[in-house]
Every structure is written in C-alpha cells, then in structure tokens.
Amino acid sequence: MCSTCSRAFGGWLAGCGAATAVISAVGQTILMMTSHGDVARLLYGIVVMLPPSAAVFIITCLLTAIPTVIVVWFTEEFHIRAAGFFACAGAAIGALCITVLLQSPAVWTSGLVCLFVVAGFVAGLTYWFVMCELAAGEDSM
C-alpha cells in the first residue's frame, strides 16, 4: 500500500471518528441537560449512548467512503493542501450524508443539517491535520 494511501486511510478514519464525536457530544449534552443533576441517570445514559455512537461511526464510514475518495483524488491530482478546502469539503460531505439519510426537505429547515455540516467541517479539519502530521512523520524518518 502506498504511503499516500495509508495516510489518506488513517486521516479518513480519524475524520469519521471526529464526526462521530461531534454528533455524540450533542446527544451527551442533551442527556446532561435532561438528567437534572441525577448522577446515576447520567451515568446510565452514557453507557446507553455507547452502542448508538458505534453505529454512528459505522454509518459515517459507509456514507463518506466514496465522496472522500473523490475529494482525496482531487486534492492529490491538483496538490491542494489548504485546511479550508478540507474543512469545506467535509462540511459538504456532511450535508450530503444527512440528505441521503433523511430524504425530506424538512431536514434543511431543522437544525439537524447544521449538526452534520459542523461534524463534517470538524472531520475535514481532522483529516487535514492527520495527513499533515503523518506526512511530517514520514519526512523526518
């Protein structure tokens, strides 16, 4: 496997993890607000949120694989290394994912699309950061 491919794969997995963290953090925040200081209820909710978080990660990986390959090919072909480009591409992929998941115009008027756009934005920045770090690590060896 070429070094660029392995870096891209690692960056993509890290981006999927970052998007999952953003989406799960919103769920955890809602859980904290509704627990009203009941620590036992909060801990129970945290444990209950683990399987849905794993499902979000798997679905994120499945939905973003092909769009990410296209973006990675495009950036490698045209030597694009700007963090803003990756953040915007991630945001666009996030918007695409929620549109594919919930095919309703109401998604765009709700706050749900904003959550996925932010998650994609963070995922794009994470991808860029991991790619830069892995490339710097390879250059130093």
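Helix 1 (3–35), helix 2 (39–77), helix 3 (83–101) and helix 5 (112–140) each contribute at least two residues to the lining of the largest pocket. The model in which this pocket is found is a predicted one. The volume of the largest pocket is about 360 Å³, and its lining comprises 27 residues. Among these, T60, T64, I93, G120 and A123 are the ones nearest the centre of the pocket. Helix 2 provides the largest share of this lining, namely eight residues. By residue class, the lining of the largest pocket consists of 18 nonpolar and nine polar residues, with no charged residue present.

The second largest pocket encloses about 230 Å³ of space. It is lined by 12 residues, and those closest to its centre are C5, A8, F9, V69 and V72. Helix 1 and helix 2 each supply at least two residues of this lining. As the main contributor, helix 2 gives six residues to the lining of the second largest pocket. Nine of the lining residues of this pocket are nonpolar, two are polar and one is charged.

The overall fold contains five helices and zero strands. Read from the N terminus, the order of elements is therefore written α-α-α-α-α, given that helices and strands are numbered from that end. Along the principal axes, the C-alpha atoms of the protein occupy a box of roughly 50 × 40 × 25 Å. The protein has 141 residues, and 33% of them are buried.

On the surface, a nonpolar patch is formed by F9, L13, F57, I58 and L62. Together these residues have about 460 Å² of accessible area. Helix 1 and helix 2 each supply at least two residues of the patch, and the largest share, three residues, comes from helix 2. One member of the patch, F57, is located in helix 2. F57 has a relative accessible area of 30% and therefore counts as partly exposed, because that class lies between the limits of 20% for buried and 50% for exposed residues. F9 belongs to the nonpolar patch and is also listed among the residues closest to the centre of the second largest pocket.

A single salt bridge is present in the structure. It joins E76 and R81, whose closest N and O atoms lie 3.5 Å apart. This pair qualifies as a salt bridge because the distance of 3.5 Å falls within the 4 Å cut-off. Both partners were assessed for accessibility. E76 has 24% relative accessibility and so counts as partly exposed. R81 is likewise partly exposed, its relative accessible area being 46%.

A82 is placed in the loop between helix 2 and helix 3. The relative accessible area of A82 is 40%, so this residue is partly exposed. A82 is also one member of a pair with W128: the two residues are 46 apart in sequence, and their C-alpha atoms are 8.0 Å apart in space.

Note on methods:
Residues are numbered from 1 along each chain as its sequence is written. This is a predicted model: local features need pLDDT of at least 70, side-chain atom pairs count only at pLDDT 80 or more; totals for chains, interfaces and linings use all residues. Side-chain values use heavy atoms; hydrogens and water are left out. A salt bridge is a side-chain nitrogen of Lys or Arg within 4 Å of a carboxyl oxygen of Asp or Glu. Buried means under 20% relative accessible area, exposed over 50%, partly exposed in between (1.4 Å probe, protein chains only). On a 1 Å grid over the protein atoms alone, a cavity is a set of points where a 1.4 Å probe fits but cannot get out, and a pocket is an open set with protein on both sides within 12 Å along at least five of seven lines; lining residues have an atom within 4 Å of a point. Grid points are joined across faces, edges and corners, and a volume is the space filled by probe spheres set on the points. Helices (H or I, at least four residues) and strands (E, at least two) are DSSP runs, numbered from the N terminus. Ala, Val, Leu, Ile, Met, Phe, Trp, Tyr, Cys and Pro count as nonpolar, Asp, Glu, Lys and Arg as charged, and the others, Gly among them, as polar. Patches are made of residues with over 30% relative accessible area and no salt bridge: like charges are joined within 9 Å, nonpolar side chains (Val, Leu, Ile, Met, Phe, Trp, Tyr) within 5 Å. Accessible areas come from the Shrake-Rupley method with a 1.4 Å probe; for residues, only the protein chains shown count as cover.
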